[in-house]
Structures are given as C-alpha cells and as structure tokens.
Amino acid sequence: MASTTQVILGGLAKLPCDVTTTQLGDKVSLVIWYREGRPSPIYSFDARETKLSKGKHWSEEQVLGTRASFKVGIKPTAILTLEQAKSTDGGAYRCRVDFQKSPTRNHMVNLTVIMPVEKVAILDEQGSHITNYILGPFNEGATVTIACVATGGNPPPRVTWWQDNTLLDESFGVIPERRVQNLLKLESLGRQHLHAVLMCLAGNSDLSPPISSAVTLNMNLRPLWVKLRGENKPLSADNTYQLECEIVGSRPPPTITWWKGSTAMKNSKDTTSAEGNMTVSILPFTPTIADSGKYLSCRAVQSLIPDSGLEDGWKLDIQHVPLVTLELGSSVNSTMIREFVDVYFECNIKSNPWIYQIRWMHNGKQLYNNVAEGTLVSNQSLVLQSVTRSRSGLYTCVASNREGDGESNPVHLDIKFTPICRPGQVRSLGAARMEPAKIACELEANPPMVNFTWKFNTSDSELTDIPTNHVVADQARSVAMYTPKTESDFGTILCWGENEIGIQKEPCVFILTPAGKPDTLSNCTVLNQTTDSLQIECMEGFDGGLPQEFSVEVYTLQRKQLISTITSSTPHFFITGLESGNTYEVVLVAVNKKGRSDPNVMATHTLKSAEKHIAYLPGILQMTPLVGAGAGGAAALLLGGALLVVRLRRRARGPRRKEARGPRQPRAPPTPRDHHNETADDKNPDIIPHGGDDEYSEEERAFEYLNRAPTRMYTVSTATHPREPPAQLLPMARFSYTCDRTKDEIAYTDIVHSGAPLPLACVPRAPPAPRQVILNDNQI
C-alpha cells in the first residue's frame, strides 16, 4: 500500500514507514530505504543485535548526505525525515522492514517537492505596472480591464481575483516564460467600486500561503443628494440663523451656490469631511418680513461629470412663537377655594401661525384628560372637578406652533382643607409611672392656624380631656405633656385639630405603654464550647416598653476578675479569647433607657486543649446485671465520699450544741459575685443546709438531698447537648430534672469543683459505678 506526502522546497520532508507487528514479543530488526531508479539502498537502520534505541543508522552520502534521520520509536509509523528538501528529492521511495518473527514488509511513499510561485504583478490595459497601486480615477459608468500575472511555481499556480473575500474571477491560463495570467474586466463602474480593493492571489499548494498583489480603484462621483438641514419651519423676523446645506456623495467636492429667488447670496462657508464624501455649506441669514413667501435654495454641481447638478430649498415663512396668558374662570374666588368644589382655567393665545397643540401643566408635570380623576381638558379650557388638597400648586398652559412653544404665566391654586394627621409620626410611646411623656401631634392643614383638642381614652372607653395648661401648640403642631400616675393612666391618647375650614374627621391616635426595666433573660444555653470560645443564646423577655439591647460580662470564677464585656442587639453572644480548660462565671442582662434587668448568671468552662468529647447517654439506660452491680458500687462510694466531706467540714467549724441552734438566723448579704438579691446557697438544692430540724444528722440530710427527692435541682454547665433534659435557668443557672419514681429511677451526675456537672441521666435505682465527688465550699 502506497502513501503520498508533500514538502515545500527547502522544507522538512517526512516519509512514513509502517513498523507495526501483531505477534507478541516481536520487534523490528532491520529497516532499509530505497529510492525509485536506484537499485542500492539510500538509508538503513540495523537493530538485529541490539535494542531499538541503540540501532545503527547509515545513509548514502551522494543522495542524502547528512540531511536524513530515521525515528523508529514512533508507532505505528516510523518516520524518515529529509532536511532542506531539494527539487531532486521528489519521487517514489520504498521502505523494507524486517522483523524477528513476522514476515518482511514493504511500504511505498511518493514524495512531491513543491516549487513556490516567484512573484505576482498587476498590469493595466496597456500592460504597464499601476503607479502606487491606485487605479483610476474613473467616472461612474466606465469600464476597466486589468491583468494579474504570476511567474514561476511547480506545479503551475492557480491565479484568482478577489474583492472583500468574494471571488470575482478564477479563469486563468498559462502563458510563455513559466507564467500564468488572469484578465479581470469590470463594466459599468458604480459607487460601490469607490476605494474597492482588487486582490490577485497565486498559489500552488496548501503547505504555504499564496502570494498576492492588490490595487485600489479611484472614482469620480456625482452628488447623491442636496438637503437643507433642519425643519422647514417659520423663521422669526430680525433673528439671525445659520442655515446649513448638506451635499453627500460627490467626489471630488462639488461647487455650491445659495439663492433667494433669482438673487445669489454671498458669505457662505464650505467644509468637507475627512473621507471626502460629504460637504456642508453654512450660510448666515437674517430674514425680514419682506422675505416671507420667497424661495431659498442651495445648489451643488460636480464639474467633472455632465448634468450632475442638484438643489434643495424652502419657502420662507416669517412667524413667531405663541403669546399665552392664563387666568382663573371669572366666577372663581381665588382667595377661598375649598376642597371638593369645581375650578376651571382659561388659556388666552395669540399666535401666527395658529397653534397645533395646547398642554396643561401642574407643578411642571403635564395633565391629561381623565374623567375618572375629574380632569377635563378642552382646547383652551381646563376644568378640575371636586378638587382636593393634592391639586394645589402652580398651573400653566403651553401653546405650540411651528415656531416653538409659548408658556403662560403661572397661576397658583390655593385649596383650603380641614386638618389631617401628618403621616410618619411616632404613634407608640413608653413611659414610667410619674414620668412625664412628651407626645407630639403634627397635622397638615390649610390654613395652618389650628386649635387642638387632646383627650385620653380610659379603659372604660370614656374620653377625658387633657388640661390645656399641659399642651403647647404652634400652628399645625402641638405637644402634650402627659404624666401617667396609675396603671389605668396608660392607654390611648387622641389629638384633634380645627381650623377655619372645619374640624378634623379622624383623630391622631397615640399608644402610651408602661416603660420600665426589661425582664431578665431566660433559657440561656451554651450552644458551643471550644478551648478558647463560648457561644451563648438566650430568650429575651419583655422590653419594658422601650427598645432594649443585651450585654454579657465574663468573670473568672475563682478570682472574680472581669475579662470580657460584649453588647449585642440580639441575645446571642460569641465570646472568644478565653483560656483553655478554665471555668468562668457569665452574667447576662438586658438594658433599656430605664435601666438593667436582673442578671442571669451562668457557670461554664472552656474545653481543655487535649480534652475529648464523651457521647451523651440517652435519658433511660438499659443496664445488665453486671453493669447494675458496678453502678451500685459507684453510688455507694459517691454517698460515702459526700458524708466524709460533711464530717470534715463540721469538725473544721467546731462543735455545735443543739441547744444553741435555735431558729435559723438570716444569712449575710450576698457578695458581688452572686449578682442576685439572695445568696447562691439559698437557691442551690445541691447545698446541704447548715441549720434545720435536729432529728436529722448532717449525714442524713446529705443522703436525703442526694437521693430522696423525685425532682432534683442541679447547678449546670452551659454546654447543652440535644439529649440533655430541658434547662430552666434560674438566678444560678439551675435546671430541674424529674425521674420517674414509679420505675424506681434516680438521676446521677458528676459534680465538679466549679459547680458544673456533666449531663444528667435517669437510670434504674441500682448501685452506681464509683465516681469522684468534689464539693466546693458553697456546696457543703
């Protein structure tokens, strides 16, 4: 099977050779190249005794010299390359391939060496070269013939004519002296041939681009049109105008003249565009009344082309813009126009020529005929039916004719109306008892002099007057100072206004609500704990009738040192920059203008850097007998440890005689760390009380507090798990957790020094596994 390949003279020729084999483990051992007409090889590659990468190459010095190289590693085809291809390299080549196992294979390759075109020339009808490659100029309608001649090239080139990527002619022929010629004839040259680029291409191979030569056509063109710019509208007498005449399509520029009737006009100035396709002539012209009815014209002629003259003109009309005056209807009293009466205007016009349009304007916006809205436009009259205060403002009428627009004098329409509430006022206010509330009532009214009435709507829906000495008024604005003294003094306050037109129909309503300190934040939960941050979210309470914001203060639990304060518009806090594995006291409050809420105090901690999270137990644990026995042992150790700590504390305090106890005495005031009106010990159910019934020993009371009650109160850490019991956050951040006593269950937790236990769980009442119990001073 033979293949073909081409190469440009001096280029790199590539001769393919098929070296594929279908037998496993087979390889090429010997490749020999032959050229047609030569019995001996011209190139060989020998890999019989070695690897392919180390095969031996040989080439015929007289035929190939050092120009040849062979790459056998390219599969499935190896390539014999010839550098700097010569015209004598063309011909048929044979590639013989010997394999270790497969039969010998022969592959034929035909190589063609392309001789490129040497040059291309464009000649005119006389056979001469075209100067500067510009052909012409030619007048419109002329015929032109030009020739393209290509020299050299093997095979002979293909010679074609092109214009703007469009093929014009491909009829070429071979002429003596190794030349190819193509004659192009263009008849009836038109405007489309101006600056047309005619290109001749000559090429004989796809391996190299064709060579080319081009000429540009130059044309003489008659004017396409002559036009006076602008509209043919009346001119105002004794005003100076710059009349412009536009001539398009003439090449070279035409000769331009101006005429008024049969009289030539002077002082015009002509300007031609850079492309030379458009010329503008400008004539300064000051018309008089005597010019009315005369014909003003502009004429252009291309002197190189016979009968090419064109002209355009206007019949002069000397006029003026309308003169317009506006007034209210004769029956309308402009000083007392109330809402819901009818008003009409009359527009008086003097114009030459007569107007073609009247427009009515209200505060600069055009009015249209709209029966539904009560706007009736009829020629020179405007009727406004049942006017409202929105119709107040300036009115004008605008009349238009060919000369322009004439606008009338403005007429101000002043509509009187009864008071109404100004929109956008603050309608809800908060105040504390015995605190004066300043209530501002603002109205819209015309005339603006208003008498105000203030009333309070009691809970029995009765209206009581607010004394006038508590009210200050300034035209359409009034301020009442109202002091609620009891709870019944909070409610609805009403404001009316009255001017000379009438009494306000709907009062302005203000809601006065009790204002005080906001409620304490509740349900505060730690959503996330890391080694250096805490994320806390609370539920806000009543805001006290005033806008509130929220604040959190973070203290170290042991040293009571304030380390962070954060303020937020929502009760959600993200506290960062904390120390790893430390315990903190968090104080959360709501704040408004009346003060701070009672604090919500939480004890929580950050994770240790190497601390691992332990999965939370479900609410009910299923325990095997073996696990139950272990749990029982843990419970016994827990109880024993608690009783031991109680005894040690009692000894440290010294002996106490029953007869000296007596009634329980009040405790000392709380320390600053409590942030409550009572001590943390009073509210912590895990603290064993110091006084009480003498029938119980300290050990018995500890046992009772740890195990007896069906509902237990615990101081909790703020790290809340989705499976934990719901927390009711009290002043010391406690929650109660109730186990089902009918199932003989009991709640267990680990108590740490900070007072923050691990999550609680209800388990069957069996001896728990041993756990360490460490109580701080407040818990003993």
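Q: Which residues is Phe70 in contact with, leaving aside its neighbours within four places in sequence?

A: In this predicted model, the contacts of Phe70 beyond its neighbours within four places in sequence are Val31, Trp33, Tyr43, Phe45, His57, Ala78, Ile79 and Leu80. Reading such a list is a good way to start, and several of these names will come back below.

Q: What core does Phe70 belong to, and which other residues touch the most members there?

A: Phe70 is part of the largest nonpolar core, which has 28 residues. The members that touch the most others are Leu15, Val31, Trp33, Tyr43, Phe70, Leu82 and Val97.

Q: Which elements give two or more residues to this core?

A: They are β2 (13-18), β3 (28-35), β4 (43-46), β6 (68-71), β7 (77-82), β8 (91-99) and β9 (105-114). The element that gives the most is β8, with four residues. Apart from this core lies another one of 24 residues, and Ala150, Val180, Leu184 and Met219 are among them.

Q: How do I read an aromatic pair, and how many aromatic pairs are there?

A: Look at the distance between ring centres and the angle between ring planes; planes over 60 degrees apart count as edge-to-face, and planes under 30 degrees apart count as stacked. The count here is six aromatic pairs. In one of them, Trp33 and Phe70 are edge-to-face, at 6.3 Å centre to centre with 70° between the planes. Because Trp33 lies in strand β3 and Phe70 in strand β6, the pair ties together parts that are 37 residues apart in sequence.

Q: Are Trp33 and Phe70 buried or exposed?

A: Both Trp33 and Phe70 are buried. They also belong to one aromatic cluster, together with Tyr43 and Phe45.

Q: Why is the pair of Phe345 and Tyr395 called stacked?

A: The planes of Phe345 and Tyr395 are at 25° and the ring centres are 5.0 Å apart, so this pair is stacked. Phe345 sits in strand β29 (residues 343-352) and Tyr395 in strand β34 (residues 393-401), so parts 50 residues apart in sequence are tied together by the pair. Phe345 is buried, with a relative accessible area of 0%, and Tyr395 is buried with a relative accessible area of 0%.

Q: Now for sheets. What is the order of the open sheet of three strands, and why do its edges have a side without a neighbour?

A: A helpful general point is that in a regular strand the side chains alternate between the two faces of the sheet. The order in this open sheet is β46-β47-β50, and the pairing is antiparallel. At the edges stand β46 (522-529) and β50 (572-575); each has a single partner strand, so one side of each is left without a neighbour in the sheet. On average, neighbouring strands of this sheet are turned by 20° against each other, direction ignored. Strand β47 (residues 534-539) is joined to β50 by four bridges, and Glu537 stands opposite His572 in β50.

Q: What is the order of the open sheet of four strands?

A: Its order is β10-β12-β16-β15, again with antiparallel pairing. The edge strands, β10 (119-123) and β15 (173-175), each pair on one side only. From one strand to the next, the twist averages 30°. Five bridges pair β10 with strand β12 (residues 144-151) in the antiparallel sense, and Lys119 stands opposite Thr151 in β12.

Q: How many bridges join β11 to β18, and do the strands run parallel or antiparallel?

A: Strand β11 (residues 134-139) and β18 run parallel, joined by four bridges. Asn139 has Asn220 as its bridge partner in β18. With β17, β18 pairs in the antiparallel sense over six bridges; there, Met199 has Ala214 in β18 as its bridge partner.

Q: Where is the place of Asn204, and why does Asn204 count as buried?

A: Asn204 is in the loop between β17 (197-203) and β18 (211-220). Its relative accessibility is 15%, and buried means under 20%, so Asn204 counts as buried.

Q: Which backbone oxygens does the side chain of Asn204 reach?

A: The side chain of Asn204 reaches the backbone oxygen of Met115 at 2.7 Å and the backbone oxygen of Pro155 at 3.0 Å. Beyond its neighbours within four places in sequence, Asn204 is in contact with Ile114, Met115, Pro116, Gly153, Asn154, Pro155, Pro156 and Pro157.

Methods
Residues are numbered from 1 along each chain as its sequence is written. This is a predicted model: local features need pLDDT of at least 70, side-chain atom pairs count only at pLDDT 80 or more; totals for chains, interfaces and linings use all residues. Side-chain values use heavy atoms; hydrogens and water are left out. Buried means under 20% relative accessible area, exposed over 50%, partly exposed in between (1.4 Å probe, protein chains only). A polar contact is a pair of N or O atoms within 3.5 Å; within protein, one must be able to donate a hydrogen and the other to accept it, and residues adjacent in sequence count only if both atoms are side-chain atoms. Contact means heavy atoms within 4.5 Å. Two strands pair if DSSP finds at least two bridges between them. Axes are lines fitted to C-alpha atoms, for helices over the stretch in contact, and angles run from 0 to 180 degrees between N-to-C directions. A nonpolar core is a set of buried Ala, Val, Leu, Ile, Met, Phe, Trp, Tyr and Cys residues joined through side-chain atoms within 4.5 Å. Rings of Phe, Tyr and Trp (its six-membered ring) pair if their centres lie within 6.5 Å; planes under 30 degrees apart count as stacked, over 60 as edge-to-face and the rest as tilted.
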